[in-house]
Amino acid sequence: MKYDIKDISLADKGRRRIEWARQDMPVLRLIEERFAKEKPLRGVKLAACLHVTTETANLARALKRGGAEVYLCASNPLSTQDDVAAALVKDLKIPVFAIKGEDNKTYYKHIEAGLLGKPNITMDDGADLVSIIHKQGKFFPFGGTEETTTGVIRLRAMEKEGVLKYPIIAVNDAQTKHLFDNRYGTGQSTIDGIIRATNRLIAGLNVVICGYGWCGKGVAMRAAGLGAKVIVVEVDPLRGLEANMDGYQIMPIAQAAKIGDIFITLTGDINVIRKEHFLKMKDGAIVANSGHFNVEIDIAALEKISKARRKIREFVEEFRLNNGNNVYLLGEGRLINLAAAEGHPSQVMDMSFANQALSCEYIKKNYAGLENKVYAVPQDIDKNIAALKLKTMGIKIDTLTPEQKKYLSSWQEGT
C-alpha cells in the first residue's frame with residue numbers, strides 16, 4: 001500500500017515532528033533522564049506561556065517526567081503549531097490552551113485557563129502570565145522564569161516600582177541563552193520566516209535592522225551572509241559604534257526609510273516604524289517584526305494613510321498608501337520567525353530550555369530564601385549547560401593547571 005505522510009492524523013504528525021526536534025536537543029534529554037529518576041518537580045503545578053512548538057513540547061515532556069503537573073498556553077496568537085498541541089494532549093495528557101491564529105480575546109482567555117489550577121511556578125515568554133496574575137491578585141506562585149528580553153524588561157520595571165509579588169529567574173540573561181538563542185536562533189529563524197512569507201531573494205537588497213541587540217546582531221549577520229546590504233538603526237551610541245565596527249551602515253530610521261527594501265524591527269519598544277517613515281518608503285517595501293509584541297510597527301498609522309488593503313499571499317498584507325506606493329506587512333506585525341516559519345532551530349533551544357528546566361528545579365529547592373526580585377540564572381547552571389552542550393557535540397576544551405589557577409588568583413606580578 002502506498003504510504004503518504006499527508007494521511008496521518010494531526011497528533012501523529014506532531015509526534016513525528018517532536019521526535020525530529022528531540023534528536024537535536026541532547027542536553028535537555030540528559031536533564032529529562034535525570035528528572036525521570038529523581039522527580040525534583042514532584043508536587044509542582046507549572047503554568048507555561050510559551051510558543052507551542054516542537055522544542056517546547058520536549059521541554060514540557062521533561063518537566064512532566066520530573067514530576068510537574070504542566071499546563072501550557074501560547075505566548076503569541078500566531079506561533080502555535082496545532083499538530084504539536086494535539087500530540088501533547090494525546091500522548092502526554094498535557095492540557096494545551098492554544099490555537100494558531102486565535103484572536104486577542106481567545107488568546108487571553110487561554111492564558112487565564114492556564115492559570116485556573118493556581119500554579120506555584122510560572123514559565124513565561126513575554127511576562128503575560130505574571131502580568132495577569134498581578135492584575136487579578138487572586139494568588140501568587142512561589143517563583144517563575146522568563147524566557148525573552150521583552151519579558152525581562154517588563155519584570156525589571158515591576159521590581160523597580162516595588163510591585164513584583166514573587167521571584168523570577170531571568171532565563172533570557174543566561175549566557176547559554178542570549179548569546180546563542182538570541183543571536184543564532186533569531187538570526188536564522190527571522191530570515192527563514194521572511195523568505196517563507198515572501199519567496200524574495202535577499203542578495204542585493206537593502207535590509208534595515210532596527211535594533212542592534214543580540215537579536216539584531218544575529219539577523220544582521222545572517223542577512224549579510226545572504227548578500228544583503230545591511231543598514232542598522234540604533235538609539236544606543238555604543239551599539240551604533242559596534243554595528244559600524246562590524247561593517248554595517250548606520251543611520252536614523254528617517255533616512256533608512258528612503259532606501260530600505262526590507263525593514264525588520266527587533267527593539268522591544270513601541271512604534272519604531274511610524275507614519276512618517278511609511279510615507280518615505282519606496283514602492284514595494286517590506287516591513288516585518290521579530291520583537292516579542294506586535295507594537296514595534298505602528299500598524300494603526302499604516303491603516304490611516306492607506307486607501308486599500310488586501311492579503312496578497314499567506315502572511316503578506318498589501319497596503320496601498322494614499323501616495324500610490326505599496327507597503328507590505330508580514331505576519332500581522334507579529335514575530336515573523338514564528339508566524340511564517342517554525343521558530344528557532346532545536347540546537348539552540350536545547351540550551352535555552354535546559355536553562356528553563358534547571359531554573360525550575362532551582363526555584364523548587366530554594367524559593368523559601370528568594371525575595372520578590374528578578375534573579376540571574378545561577379552561574380553554575382549556566383556553565384554546566386555549556387559543558388554538557390560541548391560534551392554532546394564531542395568537543396573537548398582545556399583545563400587550567402594548578403600553577404595557572406594560582407597565578408590567576410594572585411595579585412603579585414609574576415608569582
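## Exercises on a predicted model

At 46% relative accessibility, Glu-332 counts as partly exposed. That's a warm-up for the exercises below, which all use a predicted model.

**Exercise 1. Compare the backbone and surroundings of Glu-332 and Ala-127.**

*Step 1.* Start with Glu-332. Its place is the loop between strand E14 (326-330) and helix H14 (336-339). Phi is near 60° here, a positive value in a residue other than glycine.

*Step 2.* Now go to Ala-127, in the loop that runs between strand E4 (121-124) and helix H6 (128-136). Ala-127 isn't a glycine either, yet its phi is positive, about 70°.

*Step 3.* Ask what makes such values worth a look. Most residues other than glycine have a negative phi.

*Step 4.* Check the accessibility. Ala-127 has a relative accessibility of 2%, so it counts as buried, the cut-off being under 20%. Glu-332, at 46%, falls in the partly exposed class, between 20% and 50%.

**Exercise 2. Work out how helix H6 sits in the structure.**

*Step 1.* Which residues of H6 are buried? Walk along the helix and you'll pick up Asp-128, Leu-129, Val-130, Ser-131, Ile-132, Ile-133 and His-134.

*Step 2.* Turn that into a conclusion. Seven of the nine residues of H6 are buried, so the helix is largely enclosed by the rest of the structure.

*Step 3.* Look for what does the covering. Strands E1 (45-50), E2 (69-74), E4 and E6 (168-170) are included, and so are helices H5 (104-114) and H7 (149-160).

*Step 4.* Finish at the end of the helix. Gly-137 follows H6, and its phi is positive, near 65°.

**Exercise 3. Pick one residue of helix H7 and describe its surroundings.**

*Step 1.* Take Thr-150, which is found in helix H7.

*Step 2.* Is Thr-150 buried or exposed? Its relative accessibility is 10%, so Thr-150 counts as buried.

*Step 3.* Set aside the neighbours within four places in sequence, and Thr-150 is in contact with Gly-268, His-292 and Phe-293.

**Exercise 4. Find the largest nonpolar core and say what builds it.**

*Step 1.* Begin with the residues that touch the most other members. This core has 46 residues, and those are Leu-46, Val-52, Leu-59, Leu-63, Leu-88, Val-96 and Met-123.

*Step 2.* List the elements that each supply at least two residues of this core. Among them are helix H2 (26-38), helix H3 (54-65), helix H4 (82-92), helix H15 (346-366) and helix H16 (379-392). Strands E1, E2 and E4 are on that list too. The largest share, eight residues, comes from H15.

*Step 3.* Zoom in on Val-96. Leaving out neighbours within four places in sequence, Val-96 is in contact with Val-52, Leu-72, Ala-85, Leu-88 and Val-89.

*Step 4.* Don't stop at one core. Apart from it lies another, of 26 residues, including Cys-215, Ala-220, Ala-243 and Ile-286.

**Exercise 5. Sum up the whole chain.**

*Step 1.* Count the elements: the chain has 17 helices and 15 strands.

*Step 2.* Test how compact the chain is. Its radius of gyration is 22 Å, close to the 22 Å that the globule rule gives for 415 residues, so the chain is as compact as a globular protein of that length. Its C-alpha atoms fill a box of roughly 70 × 65 × 55 Å along the principal axes.

*Step 3.* Look at burial and contacts. Of the 415 residues, 53% count as buried. Of the contacts between residues at least 6 apart in sequence, 69% join residues at least 24 apart.

*Step 4.* End with the surface and the charges. The accessible surface is about 19600 Å², with 52% belonging to carbon and sulfur atoms. The chain carries 58 positive and 50 negative charges, and their mean positions are 3 Å apart.

Note on methods: Residues numbered from 1 in each chain as written. Predicted model: local features only at pLDDT ≥ 70, side-chain atom pairs only at ≥ 80, totals over all residues. Heavy atoms only, no water. Helix = DSSP H or I, 4+ residues; strand = E, 2+ residues; numbered from the N terminus. Buried < 20%, exposed > 50% of the residue type's maximum accessible area, 1.4 Å probe, protein only. Rg over C-alpha atoms; globule rule 2.2 N^0.38 Å. Contact = heavy atoms within 4.5 Å. Areas by Shrake-Rupley, 256 points an atom, 1.4 Å probe, with all protein chains shown as cover. Lys, Arg positive; Asp, Glu negative; His and termini not counted. Charge placed at Lys NZ, Arg CZ, Asp CG, Glu CD. Core = buried A, V, L, I, M, F, W, Y, C linked by side-chain atoms within 4.5 Å.
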